[in-house]
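I opened this model to look at one helix, a surface patch and some backbone angles. My entries follow.

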Amino acid sequence: ILKILIQQAQVAEQKAQAAENRVQAAERQISQLEREKQQLEKELDSAMIFVVHGIVSTSKKFVVLVDLSGSMTNYKSIMERTLTDIIQRMDDSFSLQIIGFQNDNDLINWQSPRSLLQMNSAGKASAMQFARSLSSKFNGGTPTFSALNEGLKYNTEAIILLTDGAPSDANPSDIVNRITAGNTRRIAIHTIALGEYNSSPDLVLFLQELARRNNGGFIGVSN
């Protein structure tokens, strides 16, 4: 009887050990699946596509340059709508700086120079407020080269240029050549023509070429 009891105890112990081994294997499998899930989430997050008005990007860091020249007074609502759409498309995985440019070389920064702000709910609310404030600041010329040159100084992945007219601080072809040469980090430069851009073929050609040579896209937005 004692021998039988010992054998039964040994069998029970073996079963218990086998069960424990299965539990450990299941735990390892669950852990592996969790790691794979986290990796897939990271890959999905990095592959998220930002789309606004036909501009398509996988970038997460943006500097938006907004033309505040006097002629933009005619396109106040278009500017506000376009800038609002850009902001609303972002979530807290994005970071942003907005820079208005006008006169000879006047830059109006939303955040302090060289800074990007995470687009969580507070960041988006602040960006929206700043966007609305820009419509009261239209004045002077269009220093596009200065604005682009400033944008390239940021730790950003993409620049979006919003403008309605030709640059006033350099020849358009020179701007394309100089900005492209200076864009050593290959930041994507997207361009958006605002207003009656169809009546300004030189502007369209300038913005198309600037975007094409800097891995960006071009679109026009009118009323």
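**Helix α3**

I started with α3, residues 121–133, in what is a predicted model. The helix has 13 residues and reaches 19 Å from its first C-alpha to its last, close to the 18 Å expected at 1.5 Å a residue.

I then looked up which residues of α3 are buried, and found Gly-123, Ala-127, Met-128, Phe-130 and Ala-131. Seen down the axis of α3, these buried residues fall within an arc of 165°, so they line one face of the helix. I noted the general reason for such a pattern: an α-helix has 3.6 residues a turn, so residues three or four places apart point the same way.

What covers the buried residues of α3? I listed α2 (76–88), β4 (95–102), β5 (106–109) and β6 (117–118) among the covering elements. On the face turned away from the buried side I found the exposed residues Ser-121, Ala-122, Gln-129 and Arg-132.

**Surface patch**

I next checked a nonpolar patch on the surface, formed by Ile-49, Val-51 and Val-56. Together they have about 260 Å² of accessible area. I placed Ile-49 in the loop between α1 (2–47) and β1 (50–52). Ile-49 counts as exposed because its relative accessibility is 52%, and the cut-off for exposed is over 50%.

**Positive phi**

I looked up two residues that have a positive phi although neither is a glycine. Arg-186, at about 55°, is in the loop between α5 (172–182) and β8 (188–194). At 37% relative accessibility, I entered Arg-186 as partly exposed. Asn-215, at about 60°, sits in the loop between α6 (201–212) and β9 (218–221).

Key:
Residues are numbered from 1 along each chain as its sequence is written. This is a predicted model: local features need pLDDT of at least 70, side-chain atom pairs count only at pLDDT 80 or more; totals for chains, interfaces and linings use all residues. Side-chain values use heavy atoms; hydrogens and water are left out. Helices (H or I, at least four residues) and strands (E, at least two) are DSSP runs, numbered from the N terminus. The expected span of a helix is 1.5 Å times one less than its number of residues. Buried means under 20% relative accessible area, exposed over 50%, partly exposed in between (1.4 Å probe, protein chains only). The arc is that of the directions from the helix axis to the C-beta atoms. Contact means heavy atoms within 4.5 Å. Patches are made of residues with over 30% relative accessible area and no salt bridge: like charges are joined within 9 Å, nonpolar side chains (Val, Leu, Ile, Met, Phe, Trp, Tyr) within 5 Å. Accessible areas come from the Shrake-Rupley method with a 1.4 Å probe; for residues, only the protein chains shown count as cover. A salt bridge is a side-chain nitrogen of Lys or Arg within 4 Å of a carboxyl oxygen of Asp or Glu.
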